[in-house]
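I'm opening a fresh page for this one. Here are my notes, in the order I looked things up.

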Amino acid sequence: MPKFNDLDIENWKESDIWTDSLWIINERDKSGKHSNFYHGNFVPQIPHQLILRYSKENDLVLDPFLGSGTTAYECETLKRNFIGIEIQNELVEKVQNNLDKTDKIARVFCGDSTKKEFFEEINLFLKDKNQNKVQLAILHPPYADILKFSTLENDLSNKKSLKEFLESFSLVLQNTKGIMNKDGYLAIVIGDKYSSGQWIPLGFYCMNEAQKLGLTLKSVIVKNMEGNRAKMNKEGIWRYRALTSDYYIFKHEYIFIFKN
Ligand SMILES: C[S@@+](CC[C@H](N)C(=O)[O-])C[C@H]1O[C@@H](n2cnc3c(N)ncnc32)[C@H](O)[C@@H]1O
């Protein structure tokens with residue numbers, strides 16, 4: 001019987017928790033507070049499934065790349081405590097204002113997730129609330145420089161090289177690990193990229209950064225990228241480009257699951 005989620009083992013056949021390593025999601029969940037205004041957000045089904053699978057009601061979930069708050073809204077629906085971090089203040093304000101006032105922790109911070117001092121402040125905040133450490137962390141970083149999220153220097157999408165990006169990502173992993181439960185779970189959602197005629201396996205590089213820190217890899221999930229906004233209505237152009245060249249069109253991304 002898993003101790004890390006609320007599965008009712010007597011009725012396991014009725015569970016809607018996914019257990020396969022291939023996730024084909026054909027339609028984005030647009031219910032509730034999910035508005036899909038943010039270019040670069042993930043489908044709500046990703047945090048929904050991860051939260052159901054790797055946390056219990058009242059556990060604490062962290063998202064250090066909050067963006068438009070998809071994880072925050074799923075935590076609200078699934079009655080988890082939540083803390084989020086985002087470098088862009090406008091997003092932080094928007095999400096914080098949109099969250100309900102309940103007895104749960106639902107707090108979003110504006111800051112740089114690579115900074116250790118900032119996580120020390122979060123740790124003090126959690127202690128002040130008598131809150132346990134993070135049981136589940138969901139990390140959806142920029143896919144290096146594929147999509148620039150802001151002009152802020154410490155935004156990971158503005159790192160000058162792959163090396164710098166991975167060093168910064170590793171700092172976020174270290175800070176996250178520092179406030180996690182000993183047996184907590186950490187998920188990385190990431191895709192690959194092309195640069196100078198080469199496929200750059202960004203996903204595997206990020207996976208490797210987590211392994212270097214001693215996190216245990218539990219699963220590699222492949223998810224389809226159907227309905228990606230950048231590629232929407234341009235299928236023909238992409239196919240033409242692929243046929244007249246030697247590469248395949250990105251149609252998948254990864255979700256790496258680690259145990260602390
Ligand atoms: C891929 S998006 C996350 C989208 C989110 N999952 C959603 O559904 O909206 C990555 C986010 O990380 C933020 N970000 C980039 N560098 C950061 C940093 N150093 N600290 C905190 N947030 C950062 C970006 O501003 C962007 O909103």
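**Helix α2 and its cover**

I started with α2, where Thr70, Thr71, Ala72, Tyr73, Glu74 and Cys75 turn out to be buried. I should jot down right away that I'm working from a predicted model. The helix runs over residues 70–77, and with 6 of its 8 residues buried it is mostly covered.

Next I asked myself: what covers the buried residues of α2? The cover includes two helices, α1 and α3 (89–98), along with the strands β2 (60–63), β3 (81–86) and β5.

I also checked what comes after the helix. Lysine 79 follows α2, and its phi is positive, near 60°.

**Around the ligand**

Then I went to the ligand. I found 23 residues surrounding it, and the closest are Tyr38, Ser68, Thr70, Glu86 and His140. Thr70 was already in my notes as one of the buried residues of α2.

Which ligand atoms do the polar side-chain atoms lie close to? I noted three pairs, one at a time:

- For serine 68, I got 2.6 Å between a polar side-chain atom and an oxygen atom of the ligand.
- For glutamate 86, a side-chain N or O atom is 2.6 Å from an oxygen atom of the ligand.
- For histidine 140, the partner is a nitrogen atom of the ligand, 2.9 Å from a polar side-chain atom.

**The second largest pocket**

I moved on to the second largest pocket, which holds about 190 Å³ of space. Its lining has 15 residues, and Arg53, Tyr54, Ser219, Ile221 and Ile257 lie nearest the centre. Two elements give two or more residues to that lining: α1 (45–54) and β9 (216–224). Of the elements, α1 gives the most, with 4 residues. So α1 is in my notes twice now, as it is also part of what covers the buried residues of α2.

By class, I wrote down 8 nonpolar, 4 polar and 3 charged residues for the lining.

**Three single residues**

I picked glutamine 131 to begin with. I located it in the loop between α4 (116–128) and β5 (134–139). Is glutamine 131 buried or exposed? It counts as buried because its relative accessibility is 19%, and the cut-off for buried is under 20%. Leaving out residues up to four places away in sequence, I see glutamine 131 touching Asn58, Leu60, Asn81, Ile105 and Leu126.

Phenylalanine 165 came next, and I found it in helix α5 (residues 162–178). Its relative accessibility is 1%, so it counts as buried. Not counting residues up to four places away in sequence, phenylalanine 165 touches Pro142, Ala144, Leu156, Lys159, Leu202 and Cys206. I also looked up how far it is from valine 108: they are 57 residues apart in sequence, and 24 Å apart in space from C-alpha to C-alpha.

Last on my list was lysine 193, in strand β7 (residues 193–195). Why does lysine 193 count as buried? Because its relative accessibility comes to 11%, while buried means under 20%. Its side chain has a polar contact of 2.7 Å with the side chain of aspartate 145. Beyond four places in sequence, the residues that lysine 193 touches include Tyr143, Ala144, Asp145, Ile146, Trp199, Leu202 and Phe250. I recognised Ala144 and Leu202, which phenylalanine 165 touches as well.

How values were computed:
Residues numbered from 1 in each chain as written. Predicted model: local features only at pLDDT ≥ 70, side-chain atom pairs only at ≥ 80, totals over all residues. Heavy atoms only, no water. 1 Å grid on protein atoms, 1.4 Å probe; cavity = no way out; pocket = protein on both sides within 12 Å on 5 of 7 lines; lining within 4 Å. Points joined across faces, edges and corners; volume = space filled by probe spheres on them. Nonpolar A, V, L, I, M, F, W, Y, C, P; charged D, E, K, R; others polar. Buried < 20%, exposed > 50% of the residue type's maximum accessible area, 1.4 Å probe, protein only. Contact = heavy atoms within 4.5 Å. Near = heavy atom within 4 Å. Polar contact = N/O pair within 3.5 Å; in protein donor to acceptor, adjacent residues only side chain to side chain.
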